[in-house]
Amino acid sequence: MITARVPDGGPVLLVAPVRGLTTEADQAVAAIDAFAAQAVGLGVSAEELRGLTDYFVLAEAEPVVPLTSAETSEVRGLVRFGEVRVPNPSFVRTIAWAHLRGTPAEALDPSEDRSASLFAEHIGYVELVRRTVREHRVARAPPSPSTPDEYALAWDREVAPGRGSREFARARDRHLAREVDRLRRGRSRVAVVVDRERFEPVRTLLAHGVPAEMVEE
């Protein structure tokens, strides 16, 4: 897991655990608790936040979660670093932490409909085919670096290296950064939780702001 105060020593704690690892979830919640966040923002859509809250935080029993072949492969490659849970335990435990304390927990990513539109805007047919081929390839042979941090970054590079994929990711991160600005209003300490591979671009946006020409997607 990696964290940063944005801007340096500032009022936003950016927390970026490796997706799936329960040890990273423990560290993420500990960091947010020590920071005494007045609100928490998560790098998920509003629909996903509701699902995680209703079915994994408030429910008496967790439902069975079906996985795609790529997700299964990602988990298989990650288990050598420790226990892995699906959905992302860092998000689930952060939501539970906020619920227990009455702290607002809000989704920062675009809605599922908006994400689908952004995906269609930035990723054409050829790149979609290439992404599918890469997902099948990495499912057969997951990366094998020596740390979970390196694994998360390597997985992201393998699955989505194309220009359209990078533009889609940037559009999503810009949306998140603007939502963080909204969440910060009237609050002095806000924590933001994103997947590890989003840490650097999100930190840059939070530190320097979204360029004016990119305010509208």
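This passage describes selected local features of a predicted model.

The N-terminal region is taken up first. Strand S1 covers residues 2-6 and strand S2 covers residues 12-16. Pro-7 is found in the loop between these two strands. The peptide bond that joins Val-6 and Pro-7 is cis. Its omega is about -15°.

A cis peptide bond also joins Val-86 and Pro-87. Here omega is about 0°. Pro-87 lies in a loop as well, between helix H3 and helix H4. Helix H3 spans residues 69-78, and helix H4 spans residues 89-101.

Backbone geometry is also notable at Ala-36. Phi of Ala-36 is near 60°. This is a positive value in a residue other than glycine. Ala-36 lies in the loop that runs between helix H1 (22-35) and strand S3. The relative accessibility of Ala-36 is 44%. Ala-36 therefore counts as partly exposed, since that class lies between 20% and 50%.

Strand S3 (39-42) is followed by another loop, which leads to helix H2 (46-57). Gly-43 is found in this loop. Its relative accessible area is 10%. Gly-43 is buried because this value is under the 20% cut-off. Gly-43 was also compared in position with Arg-76. The two residues are 33 residues apart in sequence. In space, their C-alpha atoms are 23 Å apart.

Helix H6 carries residues of a surface patch. The helix spans residues 125-140, and Val-133 has its place there. Val-133 belongs to a nonpolar surface patch of about 390 Å². The other members of the patch are Tyr-125, Val-126 and Val-129. Val-133 has a relative accessibility of 41%. That value lies between the 20% and 50% limits, so Val-133 counts as partly exposed. It also passes the requirement of over 30% for patch residues.

Helix packing is considered last. Two packed helices are described by the angle between their axes and the distance between the axes. Helix H8 is formed by residues 163-184, and helix H9 by residues 199-208. H8 and H9 pack at an angle of about 45°. Their axes are 9 Å apart. The angle is neither under 35 degrees nor in the range of 65 to 115, so H8 and H9 are oblique to each other. The crossing of H8 and H9 is right-handed.

Key. Residues are numbered from 1 along each chain as its sequence is written. This is a predicted model: local features need pLDDT of at least 70, side-chain atom pairs count only at pLDDT 80 or more; totals for chains, interfaces and linings use all residues. Side-chain values use heavy atoms; hydrogens and water are left out. Patches are made of residues with over 30% relative accessible area and no salt bridge: like charges are joined within 9 Å, nonpolar side chains (Val, Leu, Ile, Met, Phe, Trp, Tyr) within 5 Å. Accessible areas come from the Shrake-Rupley method with a 1.4 Å probe; for residues, only the protein chains shown count as cover. A salt bridge is a side-chain nitrogen of Lys or Arg within 4 Å of a carboxyl oxygen of Asp or Glu. Helices (H or I, at least four residues) and strands (E, at least two) are DSSP runs, numbered from the N terminus. Buried means under 20% relative accessible area, exposed over 50%, partly exposed in between (1.4 Å probe, protein chains only). Axes are lines fitted to C-alpha atoms, for helices over the stretch in contact, and angles run from 0 to 180 degrees between N-to-C directions. Angles under 35 degrees count as roughly parallel, over 145 as roughly antiparallel, 65 to 115 as roughly perpendicular and the rest as oblique. A crossing is left-handed if the near helix is turned anticlockwise from the far one by less than a right angle, and right-handed if clockwise.
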